Amino acid sequence: YLCPLKTAVVIMNSRQPDPVQLIDLPEVYQDDIDLARKYACQGPRYTSYPTAPQFRQDFPMGQYRAWQNRDGDHKRAPLSLYVHLPFCNDICYYCACNKIVTRRKGVARQYLDHLQHEIVLQSRLVGERRPITQMHWGGGTPTYLDDAEITELMHLLASHFRLLDKGYREYSIEIDPRTIEPHTIALLKGVGFNRISLGIQDFDPRVQQAVNRLQPYEQVAPLVESIRSHEFRSLSFDLIYGLPHQDRFTMEDNLRRVIALRPDRIACYNYAHLPERFSSQRAIDRLTLPEPEEKLLLQQMISHILQDAGYRYIGMDHYVLPGDELAIAQAEGRLQRNFQGYSLHMADDLLGLGVSAISQIGDFYLQNERELDSYYALLDRDQLPATRGCKVSSEDKLRRHVIMSLISDLKLDIVECNRQFGIDFARHFSRDLKALQPMQQDGLLTISDEEISVTARGRPFLRNICMPFDAYLGAHGGDEPPPRFSATV
């Protein structure tokens, strides 16, 4: 375990009694670890507000349909698309995504046939002429599809939505490096993608073996070179800390390799070990996971090393190069957070397509059926596959504005909030502001009559800062167990 001292840390593995090593630890690491320990708890990631646990099966689908069937600006406004492709060739033990691991022939064909049916139904309802300013394919593994299927799906989307051939569009796709060859990179650029996200997680062979995801650095580096040569607008890496066998030394080496490849964006997520919820995680030996103190050290190492390498910490585990559009958008107040993480604010509405996909349209959140057979059955009956959701209230909109402003802009303009929503902020949120006082004393944020501003020290604690404004936390009732969230730090 890690035992933090004032300027040093003792690393001792109780499962393998090696000699104790004494390692110098910068004072700033210790200060940050003390803060992280103080504010460690479980909380939402705020990809939406209300968050997904508030979605219900008895949501007002009739009201949603009636609103969509009316003519108005919402039938012509820009639209974002998310396409969920759930299949994977192999299981990654850490994964908590909605995925189906199979190599059975024909599954992609059956899925594409049903996805086509949903695309037809949704485009008629939402509007076929709305410009698609943003699109993201996620999974699962989108590149589970072969080149012909990728081309077919993009053509299908273009036949029912107004895809753009403009430089400002954001069309991105998630890639498992094990599933793709350089010629497919050229295909992805050719069909219209201009952003790529690579699932890296960790380069250490022992860590990769423990999570059943073998993809050596020597396999990823040529892929990165191919992406660069085809001039994609940005390349993102997804990393995870808290995985089996990760420690201070492996993480330092891992980050060195990541920095050498110089992705434009890095998302570094905290692994949540919940084997009772995600069966694949039962294959991970919990005794190989970093101890809590060591995990906090890993988090602080990542933050300091990436920022020392020139990356800007925009918040919520995301780091970008200073010239990246996300950094520029944050400075200009054009950054947003949704189910795909941080992105430019280019459309108010997001339409999710595919099994388990979530839409945010108008005053409604809707989630498609999460079980594949049920998703197919609904479409076979010519029904929209949305089975859960909620309608956003006026109070939800207010609190969403507060939370998303803090997460995206790192500040909240209280004067503008009062004007926009017709409230007295200090009175409306008196209890919430009181809950923020300890965080202000710890230097995580500043509060004045005009503004709440998150400090550089407070960026790792954005979820904690937003949680007092979440009216649903602690308000759970009924017979169902309260929702479980990942650790905030």
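This report walks through two helices, the empty spaces beside them and two single residues in a predicted model.

**Confidence**

The average pLDDT of the chain is 89, and 92% of the residues reach at least 70. Please take care with residues 1-23, where the pLDDT is below 50. Beyond near neighbours in sequence, that stretch still has 49 contacts in the model.

**Two helices**

Let's start with helices H9 and H12, whose lengths can be checked against a simple expectation. For both, the span expected at 1.5 Å a residue agrees with the distance between the end C-alpha atoms.

| Helix | Number of residues | Expected span | Distance between end C-alpha atoms |
|---|---|---|---|
| H9 (292-308) | 17 residues | 24 Å | 24 Å |
| H12 (394-409) | 16 residues | 22 Å | 22 Å |

How much of H9 is buried? The count is 12 of its 17 residues, so the helix is largely enclosed by the rest of the structure. An unbroken run from Glu294 to His304 is buried, that is Glu294, Lys295, Leu296, Leu297, Leu298, Gln299, Gln300, Met301, Ile302, Ser303 and His304, and Leu306 is buried as well. After H9 comes Gly310, which has a positive phi near 105°.

H12 has buried residues of its own, including the charged Asp396, Arg399 and Arg400. Leu398, Val402, Ile403, Met404, Leu406 and Ile407 are also among them, along with Ser405 and Ser408. Leu410 follows H12, again with a positive phi, here near 65°.

**A cavity beside H9**

Rolling a probe the size of a water molecule over the atoms reveals where space is left empty. In this structure there are five cavities of 30 Å³ or more, and the largest has a volume of about 100 Å³. Which helix supplies the largest share of its lining? That is H9, with four residues. Gln299, Gln300, Ile302 and Ser303 are in the lining, and these four are also buried residues of H9. The rest of the lining is made up of Tyr241, Cys268, Tyr313, Asp317, Tyr319 and Pro460. By class, six of the lining residues are nonpolar, three are polar and one is charged.

**A pocket beside H12**

The second largest pocket holds about 830 Å³ of space. It is lined by 32 residues, and those closest to its centre are Gln336, His345, Asp348, Gln360 and Arg400. Arg400 is also one of the buried residues of H12. H12 makes the biggest contribution to this lining, with seven residues. Strands E15 (335-338), E17 (349-353) and E18 (358-361) each supply at least two residues, as does helix H13 (414-421). The lining has 15 polar, nine charged and eight nonpolar residues.

**Two single residues**

Is Ala357 buried or exposed? Its relative accessibility is 1%, so Ala357 counts as buried. This residue sits in the loop between E17 and E18, two strands that also help to line the second largest pocket. Leaving aside neighbours within four places in sequence, Ala357 has contacts with Tyr82, His84, Gly352, Leu366, Gln367 and Asn368. Its C-alpha atom is 28 Å from that of Leu214, which is 143 residues away along the chain.

Pro205, in helix H6 (residues 205-211), has a relative accessibility of 58% and therefore counts as exposed. The C-alpha atoms of Pro205 and Gly43 are 31 Å apart, with their positions 162 residues apart along the chain.

Note on methods. Residues numbered from 1 in each chain as written. Predicted model: local features only at pLDDT ≥ 70, side-chain atom pairs only at ≥ 80, totals over all residues. Heavy atoms only, no water. pLDDT = per-residue confidence, 0-100. Contact = heavy atoms within 4.5 Å. Expected span 1.5 Å × (residues − 1). Buried < 20%, exposed > 50% of the residue type's maximum accessible area, 1.4 Å probe, protein only. 1 Å grid on protein atoms, 1.4 Å probe; cavity = no way out; pocket = protein on both sides within 12 Å on 5 of 7 lines; lining within 4 Å. Points joined across faces, edges and corners; volume = space filled by probe spheres on them.
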